[in-house]
Each structure stands twice: as structure tokens, then as C-alpha cells.
Amino acid sequence: MAAANPAKILQGEVTCSVCLDYFKDPVTLDCGHNFCQACIAQCWEGLRVNFWCPECRRTFSQRNFKPNRQLRNIVEASRMLTVKSTKEPEVERVCETHKRALDVFCQEDQTPICLVCHLSRGHKEHTVVPIEEAAEDYKDQIQSRLEILKKEREKILTFKLNGESKSQELLKQLQTERQKLVSEVQQLHQLLKEQEQLLLAQLEELNKEIEKRRAEYVAKLSEEISSFSHLISEMEQKCQLPASEFLQDIKGTLTRCEREKFQNPVAFSSELKWRIWESSQRNASLETIIKKFKDSLSSRQRLDKAKVTLDPDTAHPQLILSADRRRVRWGDTRQALPDNPERFDTEPCVLGCEGFTSGRHYWEVEVEGEVKGVWAVGVARDSVSRKAEISFNPEEGIWAVEGRGDQYWAFTSPVQRTPFSLNRTPHRIRVYLDYEEGRVAFFDAGNGDPIVTFPPASFAGERIRPLFCVGLEGRSCFPLRSLGRGCQLTLCP
């Protein structure tokens, strides 16, 4: 087994595991691990409790670290040694056969050769260039690949930091829900004791699952960063070699530089966010919780995925419904349909056949078509107006969101169109309805991120139905344009 390189061992000891660079103002945590002061401050940004070590995951109750002056001196000494090692005199390589200087580079064989080799039978017909010229050409190629590798390393480091931040947000949210749950269950005394223990166990299971997935995610990214760092270090050292040595096995060097771009793995599935959010909804109202606990202490609340289909009797005449009544788009011509009382005659909307008077339900809608397509999804009271112009807001019986490209609005009261921003353009929208609590919420079904939640409403026993709109003309309260004709909405199975 080859002996370990002392220089690499020293470099590893003076490198921060967060930024993967020499320590800057190194500090030591109570667990004994060292980090740059700026790096640990960034990892702990926004935390008030449970300060954690990025190396061993140990948590501390207080924000505490100590400057490590001895390590700082070692880092400075290591930097000086590195600079000194790069200034050592070069030893020029010679041709092993003729013991002459390697003055030219054979482009066919991609190897440095001497002038005698060039005149020999093996290389006489080959194209050769001066060795310095060849070295410059290949250095340019290596440098361009180095830039790509460095950008990939920075991208993965960003993924790692974002993943850490997201995990902390989830754990903070989980901690908040735990405290709310304990506070409310304690007020129920012995009647709710068994339910308290059950829910705490579920939250603890979620906590362990998040911790496990975070560890797997960070381990994967750390492995990739280490691999890229090792390759970059190798290439940088290669570029410092004399031309004749640098060009040895240059083809293999170029091949090692070619790596597939890193695909960021999914760190935290939408299922985790959805389950945490469900927990928060269970704690929204003490009276509701007491009633539900009394009804069934041993069962959890049901969340039913509704099988929604479109009601052709309510569809605007210019909307085209698919044969299975699960897709709607804007048509070029107005169809000759009976003007029954249930049909929208001005706003191009259609309701779902299904209606809800109790329970918790959700369904998902996929947005397809042109980037500039316009759409709106939500719910409406069964008694909502179908004729002439309609005011799209909860006071008129409609809870909906509108999307156009990367712009989004919620139809709220008293402001009828409230803009909001999202981290990405959602292609699948999850509509959530909790009838008893009067809640309507929207989520990006792709990653589970919340889009908007409406304030609680009173449905007063009236049936609530799914609502879908595409290709609306200009309206004062719902100003969609005909450019949305290229958009269509599809109900997901």
C-alpha cells in the first residue's frame, strides 16, 4: 500500500469542511470540530436554539465557539509551505530512447517526442508541433474544463447549503407544531392523554425521518463536492508541471475532466411537508380538536383525494371538454349549447360534478399549454352566479387563484386580486378543502410548497364545488386575456 502523502494530510487538516478552503478565522465548537467563523455563522443564521455541528450533528443549547489561534498559525504556515513547494526548480524530462530533449509534440500519438524520434520511421509521417505551442493549446483546453468543474462544485455547495437551510426550517416548523400540540392537549387533561401520546410519537417519527433524509442528502452532496475538489486539485497541480511532464497521458487527463453534470437529488419530499402541514391544520382550532377527539380517540382525520370530473351542463359554450370530462381548453368557436340555468354564459368557467358538504378533500390540476397561458382554479359555492359578469372573491362565493406565466394572484376580499410570488412555476396545482374549518388552500403538487391559504370561511351547509377557468376575456375583477386560449387544465388521476 502506498504511503499517504504528508502534504495532502496537512491540507486536509487545515481545510474547512463547509467551504472546502483554508480556514479563515478558525473557531472551535464544544464538540471539538473546527470551522471558519463566517461558515459556522452562516450555518447558524436565524437559529435561537439547537445550534448544530455541521460535522457530527451534535446540537448545543447556546451559540458558543472559541477562536483557535493555534490552528490559524498552522494554516498560515501551511500556506507558506504550499507557495514554497511551487517554486522548486523544474527537472526537464528527456527522451528515454535517445536521451535528448523532448522538443516537439506528436499530434497523432499525443505524446512529447525528441527530434530524432520525429525523423524515425514511427513518427516520420506524423504531424508535430513545438512542445511549448502544444502545451499552450492543451492548457487552454484544461482551463476551460476547470472553469466548468469549479462552477459545478459551487452549484453543489449551494445545493448543500440550501438543503441544510430547508431542513432547519422544517425542524423549526415541526418544533412549533409540537409545542402547540402539547399546549392544547394539556388543556384536555385525562380525556386527551392517549391522543397526546399518539400524536407526539408521530411527530417524533417525522423528526427522525427528516434527520435521516437530511443526513443522507448532505452525505451525498459532501461526497460529490469531495470528488470535484480532488479532481480540480489534481488538474490544477497538473497545469503547474513542465510542458513535457504535463503532456504525459494528456488524453487520459482530458478524459478525467469530462464528468456528467451533477443531478441534485430530492432532499425533502412533498410528503414530509404535507404531513407537517396536516399536523398544523389538526391544531388550528381547540374546539374542533376536542370534538374530533371525542368522536374518535383512536383514529386520525381522513384526507380524501376527490375523484373530480367536469360538469358539461355548467361549461361556458366556448370551452372544449374531453370525452372523459377530465380536461378543458378554450375553443376557437362558440358551440351551440342550450342556455340552461346552470351554464356560465359570460365567464369561461366550468364546475366539477362533485360537491362537498363535509370532510377534508383535495384534488390536483395539471397546467398545460403555452407559457403565456392563463388559468384559474379553486372552489365555488353551488349557488354562485352563472350569468353575466361575476365578481371572483370569497364574498361572492369563489375562492380561487389565477396564473399567467410566472405571475400569480389570489382573489381575496376586500382587495379582489392579491399578487404573490413563487420560487418556481408550478405545473401541477393541489387544491385543498377543509369543509368543517372553512379552509381553502393551494399547493405546488410537484414539491409540496404552499402557494396561498385563504382565511377561514363559513360554508353554512352549502355544497362546495371545484372551479376551473381558462381563456377569459378582460374583466375588471378577473382581467385574464384571450392569450390564454393556448392553455388547458387537466385533472390528475
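In this predicted model, ring pairs gather W44, F51 and F65 into a cluster. This is a friendly place to start, since aromatic contacts turn up elsewhere in the structure too: the count comes to 9 aromatic pairs.

One of these pairs is formed by F105 and Y138. Their ring centres are 5.5 Å apart and their planes meet at 70 degrees, so the pair is edge-to-face. F105 belongs to strand β6 (residues 104–106), whereas Y138 belongs to helix α5 (residues 131–187), so this contact ties together parts that are 33 residues apart in sequence. Are the two partners buried or exposed? F105 is buried, with a relative accessible area of 0%. Y138 also counts as buried, because its relative accessibility is 11% and the cut-off for burial is under 20%.

Another edge-to-face pair joins W399 and F459, with 5.4 Å from centre to centre and 90 degrees between the planes. W399 sits in strand β15, and F459 sits in the loop between β20 (450–453) and β21 (464–470), so the pair links parts that are 60 residues apart in sequence. W399 counts as buried at 3% relative accessibility, and F459 counts as buried at 3% as well.

Aromatic rings in this model also have charged neighbours. R214 lies over the face of W52, at 5.5 Å from the ring centre. In a second case, the charged end of R386 sits over the ring of F344, 5.7 Å from its centre.

Strand β15, already met as the home of W399, is also part of a hairpin. β15 (residues 398–404) pairs with β16 (residues 407–410) in the antiparallel sense over 4 bridges. Within this pairing, E402 stands opposite W409 of β16. How many residues lie between the two strands of the hairpin? There are 2 residues between β15 and β16, and G405, in the turn, has a positive phi of about 65 degrees.

A further example of strand pairing is an open sheet. Its 3 strands follow the order β2-β1-β5, with antiparallel pairing. The strands at the edges are β2 (34–36) and β5 (66–67), each of which pairs on one side only. Strand β1 (residues 26–28) is joined to β2 by 3 bridges, and the two run antiparallel. Among the residues of this pairing, V27 has F35 as its bridge partner in β2. As a rule for reading such strands, side chains in a regular strand alternate between the two faces of the sheet.

The cysteines complete the picture. A disulfide is a covalent bond between the sulfur atoms of two cysteines. A search of the whole structure finds 0 disulfides. Why is C106 not bonded to C117? The closest cysteine sulfur to that of C106 is the one in C117, and it is 9.8 Å away, which is too far for a bond; a disulfide would need the sulfur atoms to be within 2.5 Å. C257 is likewise in no disulfide, as the nearest cysteine sulfur, that of C239, is 8.0 Å away. Both C106 and C257 are buried: C106 has a relative accessible area of 0%, and C257 has a relative accessibility of 5%.

Definitions and conventions:
Residues are numbered from 1 along each chain as its sequence is written. This is a predicted model: local features need pLDDT of at least 70, side-chain atom pairs count only at pLDDT 80 or more; totals for chains, interfaces and linings use all residues. Side-chain values use heavy atoms; hydrogens and water are left out. Two strands pair if DSSP finds at least two bridges between them. Buried means under 20% relative accessible area, exposed over 50%, partly exposed in between (1.4 Å probe, protein chains only). Rings of Phe, Tyr and Trp (its six-membered ring) pair if their centres lie within 6.5 Å; planes under 30 degrees apart count as stacked, over 60 as edge-to-face and the rest as tilted. A charge sits over a ring if NZ of Lys or CZ of Arg is within 6 Å of the ring centre and within 35 degrees of the ring normal.
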